[in-house]
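Student: Please show me one spot in this protein up close, and then how the rest of the chain is put together around it. I am new to this, so explain the terms as you go.

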Amino acid sequence: MPQTHPATSWPNYREDDFVIKDYRFASGELLPELRLHYRTMGMPRRDAAGKIVNGVLLLQGNTGTGANWLRPSLADELYGPGQPLDVTQYFFIMQDAIGRGGSSKPSDGLRGKFPHYRYRDMVESGYRLITEHLGVGHLRLVIGSSMGGMHAWMWAEMYPDLMDGVIALSCQPVEISGRNWLGRRAAAEAIRNDPDWNGGFYDKQPRHYIYSAAGNFNTESPTRIQEMAPNLAAADALYERRVADAAKRDANDALWAIEAIRDYNPEPDLDKIKASILLINDAEDHANPPELGTVERAMKRVKRGRYVLIPAGPDTHGHFSHFYATLWKPYLIEFLASLDLPRHAAAAE
């Protein structure tokens, strides 16, 4: 049986903040202090200049924080002795993206005046975190899930010499459109048009948008949903739990997070990527429907890319299959074996 490890049991585990002064967003908006919360663990290896060269950057999805990567369904399968990402062999970075967790977000106090950040801001600030603050000179891997997977494509394009390999989970390397954007747009407008929202300057959390937000189940496998709600009473109970969860979240944080995706479109620059790329999706991921053919179209432009589509099964979770490493760990192992010799190992020879 897998053994669950508390976060602090991993070697050199640390949580801290990095503050960037006078951060200017792509929109031109300025924030006097942009705070990025992060977690690191593992064993850094450095080159002659003192730069870390065995980094593994783990990028979170749209919800939660960087601590998503410490879930037992991931950590127990990835970081232990003999596992593909043995924590004694790599230096791991898990940040809270802008707008999430301990990083700067509207609910910190600025509310409706918080800068309207976009994905490029999230990636560029993360690059400053790992290079300026943590001293990372090279990444062995970038692994991202959902939003983090989309960010991983952008990392590969914006900093093509930084990493050896990229694994993108539950995403597509194309502009958001179709049903994916329509659902996001509807969720954003439900907040913006909530009579309690008041332009983002509310004293109490808006009460109306949560009822539509609670009904969005497009990211989980229909089979898993049916197991959770096999009859009307169970479905009603599940919906009520989702309403209660939605009511705990800050409306501005949710709205800014939804709309951050507006600048995402890696497809035109896919030929700039130098790293090896592995894209893994689930056949029941209704956020990224495989029947559209958009992935196949885009992957033709990736020089060193492989696309894996996991078939639906008793253990898959649609879009959320990225949280279950047992489903994609075999492909990770193959991918690692296919990469060139790590920079620190080559330097030692």
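Tutor: Let's start with S146, which is buried, with a relative accessible area of 13%. Buried means under 20% relative accessible area, exposed means over 50%, and partly exposed is in between, using a 1.4 Å probe and counting protein chains only. This is a predicted model, in which local features need pLDDT of at least 70 and side-chain atom pairs count only at pLDDT 80 or more, while totals for chains, interfaces and linings use all residues. Residues are numbered from 1 along each chain as its sequence is written, and side-chain values use heavy atoms, leaving out hydrogens and water.

S146 sits in the loop between β5 (139-145) and α3. Helices (H or I, at least four residues) and strands (E, at least two) are DSSP runs, numbered from the N terminus. The phi angle of S146 is near 60°, a positive value in a residue other than glycine. R111 also has a positive phi without being glycine, near 50°. R111 lies in the loop between β4 and α2 (119-133) and is partly exposed, at 29% relative accessible area.

Now follow the chain on from S146 into helix α3. The largest nonpolar core has 68 residues, and Y117, Y119, I130, L139, W153 and W155 touch the most other members. Helix α3 (residues 147-158) gives the most to this core, with seven residues. Another core lies apart from it, with 32 residues that include L169, L327, L332 and L336. A nonpolar core here is a set of buried Ala, Val, Leu, Ile, Met, Phe, Trp, Tyr and Cys residues joined through side-chain atoms within 4.5 Å. In soluble globular proteins, nonpolar side chains tend to be buried together.

L139 is worth a pause. Leaving aside neighbours within four places in sequence, L139 is in contact (heavy atoms within 4.5 Å) with G55, V56, L57, I93, I130, L162, M163 and D164.

I93 also falls within strand β4 (residues 91-95), which runs antiparallel to β2 and is joined to β2 by five bridges. Two strands pair if DSSP finds at least two bridges between them. G42 stands opposite F91 in β4. On β2 (residues 30-42) there is another antiparallel partner, β1 (residues 14-24), joined by 10 bridges. One of the matched pairs is E15 with R39 in β2. β1 and β2 form a hairpin with five residues between them, and G28 in the turn has a positive phi of about 95°.

For a polar spot, look at N288, in the loop between β7 (276-282) and α9 (294-299). N288 is buried, at 7% relative accessible area. Its side chain makes a polar contact of 3.5 Å with the side chain of Q172. A polar contact is a pair of N or O atoms within 3.5 Å; within protein, one must be able to donate a hydrogen and the other to accept it, and residues adjacent in sequence count only if both atoms are side-chain atoms. A polar atom of the N288 side chain also lies 3.4 Å from the backbone oxygen of S170.

Finally, step back to the whole chain. Of its 349 residues, 52% are buried. Among contacts between residues at least 6 apart in sequence, 77% join residues at least 24 apart.
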